[in-house]
Amino acid sequence: QVHVVESGGGLVQAGGSLRLSCAVSGSSFSSLHMAWYRQAPGKERELVAEITNGGTVNYDDFVLGRFTISRDNAKNTADLQMNSLKPMDTAVYYCRAERWDAGIPRHYWGQGTQVTVSS
């Protein structure tokens, strides 16, 4: 069973920075596709950034240039560095690990970490 745990959320003023970390256990981390999602109150969960097992990254337009996703295969972690934060970035941030088993993608989610940006 893959276990995913996020950390690093908190309260920050607009323009500030936070770094979220996602720790994974129970699987070969280097083979996992990792992603960060977020969900604001009353809204659907949306993709923020993702990084493949080969290191290719992809960002949603609203965070491009402000957020950076990275992974450390030696530490089994995937981090999200968030700079120039805006009140609209306030949400619960979730880490997702994707593993392919016999051609089927399986997703494993963390419990989420709250990020609140004050104006």
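Student: Which residues of β1 make up its covered face, and which its uncovered one?

Tutor: The covered face of β1 consists of V4 and E6, whereas H3, V5 and S7 form the uncovered one. The model is predicted, so local features need pLDDT of at least 70 and side-chain atom pairs count only at pLDDT 80 or more, while totals for chains, interfaces and linings use all residues. Residues are numbered from 1 along each chain as its sequence is written, and side-chain values use heavy atoms, with hydrogens and water left out.

Student: What makes β1 a strand, and what makes β1 and β3 a pair?

Tutor: A strand is a DSSP run of E with at least two residues (a helix is a run of H or I with at least four), numbered from the N terminus, and β1 covers residues 3-7. Two strands pair if DSSP finds at least two bridges between them; 5 bridges join β1 to β3, and the two run antiparallel. Within this pairing, H3 stands opposite S25 in β3.

Student: Why is E6 called buried or exposed?

Tutor: Buried means under 20% relative accessible area, exposed over 50%, and partly exposed in between, with a 1.4 Å probe and protein chains only. The relative accessibility of E6 is 5%, and E6 therefore counts as buried.

Student: What does the side chain of E6 have within reach of a polar contact?

Tutor: A polar atom of that side chain lies 3.0 Å from the backbone nitrogen of Q111, and the backbone nitrogen of G112 lies 2.8 Å from a polar atom of the E6 side chain. A polar contact is a pair of N or O atoms within 3.5 Å, where within protein one must be able to donate a hydrogen and the other to accept it, and residues adjacent in sequence count only if both atoms are side-chain atoms. Leaving aside neighbours within four places in sequence, E6 is in contact (heavy atoms within 4.5 Å) with residues including W36, Y93, Q111 and G112.

Student: Why is the pair of Y37 and W109 described as it is, edge-to-face or stacked?

Tutor: Rings of Phe, Tyr and Trp (its six-membered ring) pair if their centres lie within 6.5 Å, and planes under 30 degrees apart count as stacked, over 60 as edge-to-face and the rest as tilted. The centres of Y37 and W109 are 5.0 Å apart and their planes stand at 65°, so the pair is edge-to-face. Because Y37 lies in β4 and W109 in β10 (residues 104-109), this pair ties together parts 72 residues apart in sequence.

Student: What makes Y94 a partner of W109?

Tutor: Y94 and W109 have 6.5 Å centre to centre and 80° between the planes, an edge-to-face aromatic pair. Y37, Y94 and W109 form one aromatic cluster, in which Y94 is buried at 13% while W109 is partly exposed at 36%.

Student: How do you know that R45 sits over the rings of Y94 and W109?

Tutor: A charge sits over a ring if NZ of Lys or CZ of Arg is within 6 Å of the ring centre and within 35 degrees of the ring normal. R45 lies over the face of Y94 at 3.7 Å from the ring centre, and over the face of W109 at 4.6 Å from the ring centre.
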